[in-house]
Amino acid sequence: MTVQGIHALAGKTMSLGLSVYKLGYHRAAWRMPDFPRDAMTSIRPFVDAAKTAEAAAFDFVFFADVLAVENVQAAERDIAFEHYVVKFDPVVALSAIAMTTKRIGLIATMSTTHAHPYNIARAVGSLDLVSGGRAGWNIVTSYSSDEIRNFGMASLPEPASRYARAHEAVAVVAALWDSWSQTSFPQDKASGVFLDRATIKAPGHRGRYFSVDGPLDVGRSPQGVPVLVAAGDSPAAQDLAARYANIQYAPTIGDIAAAKTHYRAVKERMVHYGRAPQELKIMPGLMPIVGETDLEARRKLEAIRALIHPQVGLDLLRPLFGDLSDCDPDAPLPRSVEPAETVMGGYAKHVFERAIADGLSLRQTYELVGDQERWFMTRVGSYKQVADVMEEWFAEEAADGFNLLPYYVPGGLSDFVGLVVPELRRRGLFRSSYRGSTLRDTIGLAAPGRDQGADCRPKVSVAP
């Protein structure tokens, strides 16, 4: 039986999300002729992208975030060519998008390291009500050294501490979202009873990191509780996703074997926590460059590669190999360079090995990095070739869907929607309409009732 037949019998279709944080994930995105000049200071391009995705029945719009202008303090690094130096607050931008869309989910990133659970619950809960039940919270613990300087911190806490704080934050946010039941507000004008006080369920939380009385001053979610999202592939990140998340933005550099191992590991952890594997969608990041033919796609890749300024290209290599600004961009990557032994270490080693094996020049190496960063995979080819890759990953249980990262907006998004989405539908791999009105409806999750509590609440109040 063909893969297509298996999926047809199972009735299973993949999920698709749209990541709009940068409005283009290639480093030269902003230099494309039709990239909006005011893209990062105008909400219009974000709204247009979301409406395009909704017309194609995407599951959600995903807004990543870093609470800083990264590398702005590094005198040796020129950020003039990086179009996402300034950006919108995710909740504010998604609230604007909520007013112009009807079905697509809206996922906002908020850091448990830098935000208090009450503020997180309040902001995402408000977005959920504003959008009619379409909100999700992307749980991050933060990683940027630039962020800590904006929050009065001398150094970033160790991962164990950040994840312990994140576990407690999720518990508190879940309890705050569960402050009210569906019957808390009878609003009976005849009797004068607006609120049934007996239904209040204030957290009264006292923990290692937070002390929160509650209740939350935002009403209960139309979908029971907003959707939870997590990212990362470390053991701690896998555990966070397995315990609580409904969607995981899974980082990958395109290795299907590694992706299958990650997929199995997270799903098995879910069973350990008493959760069904289907309660979580694992969705790697995908940056496709698509054409009617492979040749057309390759020409699109070369066109945007040509727009990478050499200084920006060498700056892309700095976190991986150190300062190479004195080197000839057209000379081979020196074998003497030392891949970084930092959070970027694994990716640096991958790039180094690829560059040496293929005899890449510095220019070709930074073009590779510009195409394929450590958080997503790039696929260049005809729409059928890209659909083949997506189908293989879906069928082989390496992914439940994909978080689309257009190489630039609007062109990269419109190419995917116009070419790949119809092909996925022809293969029975993607739906043509929404299942309901909430994000939980869209991804196939039941809305938890008040009696059973919020389904994201951990079995213990604070995880170690």
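Trainee: A nonpolar core is a set of buried Ala, Val, Leu, Ile, Met, Phe, Trp, Tyr and Cys residues joined through side-chain atoms within 4.5 Å. Which residues touch the most other members of the largest one here?

Mentor: This is a predicted model, and its largest nonpolar core has 138 residues, among which L16, F58, W137 and M390 touch the most other members. The element that gives the most to this core is helix α6, residues 159–177, with 8 residues.

Trainee: And what does L16 contact, leaving aside its neighbours within four places in sequence?

Mentor: On that count L16 is in contact with F58, D59, F60, M283, M390, F402, F416, V421, L424 and F430.

Trainee: F402 sits in β11, so to speak; which way do the residues of that strand point?

Mentor: In strand β11, residues 401–404, G401 and N403 point one way while F402 and L404 point the other way, and all of them are buried.

Trainee: How many bridges join β1 to β11, and do they run parallel or antiparallel?

Mentor: Strand β1, residues 15–19, runs parallel to β11 and is joined to it by 4 bridges. Strand β9, residues 281–291, also pairs with β11 in the parallel sense, over 2 bridges. N403 is a bridge partner in both pairings, with G17 and with G285.

Trainee: Switching to helices: how many residues of α10 are buried?

Mentor: Of the 12 residues in α10, 9 are buried, so the helix is largely enclosed by the rest of the structure. The buried ones are V312, G313, L314, D315, L316, L317, R318, L320 and F321. The helix covers residues 310–321 and reaches 16 Å from its first C-alpha to its last, close to the 16 Å expected at 1.5 Å a residue.

Trainee: What comes just after α10?

Mentor: G322 comes there, and it takes a positive phi of about 90°.

Trainee: Going the other way, where does H309 lie, and what does its side chain reach?

Mentor: H309 lies in the loop between α9 (294–305) and α10, and a polar atom of its side chain lies 3.0 Å from the backbone nitrogen of Q311. With a relative accessible area of 28%, H309 is partly exposed. H309 and A28 are 281 residues apart in sequence, yet their C-alphas are 8.0 Å apart in space.

Trainee: What about D89, buried or exposed?

Mentor: Neither, because its relative accessibility of 43% counts as partly exposed. D89 lies in the loop between β2 (60–63) and α3 (90–98), and its side chain reaches the backbone nitrogen of V91 at 2.9 Å.

Trainee: And K267, is that one buried or exposed?

Mentor: K267 counts as buried, because its relative accessibility is 10%, under the 20% cut-off. K267 has its place in helix α8, residues 256–272, and its side chain reaches the backbone oxygen of L280 at 2.7 Å. Not counting residues up to four places away in sequence, K267 touches P277, L280, I282 and D400.

Trainee: Last thing: where does the pLDDT fall below 50?

Mentor: Although the mean pLDDT of the chain is 89, with 89% of its residues at 70 or more, the value is below 50 over residues 1–9, a stretch with 11 contacts in the model beyond near neighbours in sequence. Residues 451–464 also stay under 50, and the model has 33 contacts for them beyond four places in sequence. Where pLDDT is low, the predicted coordinates should not be read in detail.

Methods. Residues are numbered from 1 along each chain as its sequence is written. This is a predicted model: local features need pLDDT of at least 70, side-chain atom pairs count only at pLDDT 80 or more; totals for chains, interfaces and linings use all residues. Side-chain values use heavy atoms; hydrogens and water are left out. pLDDT is the predictor's confidence in each residue, from 0 to 100. Contact means heavy atoms within 4.5 Å. Buried means under 20% relative accessible area, exposed over 50%, partly exposed in between (1.4 Å probe, protein chains only). Two strands pair if DSSP finds at least two bridges between them. The expected span of a helix is 1.5 Å times one less than its number of residues. A polar contact is a pair of N or O atoms within 3.5 Å; within protein, one must be able to donate a hydrogen and the other to accept it, and residues adjacent in sequence count only if both atoms are side-chain atoms.
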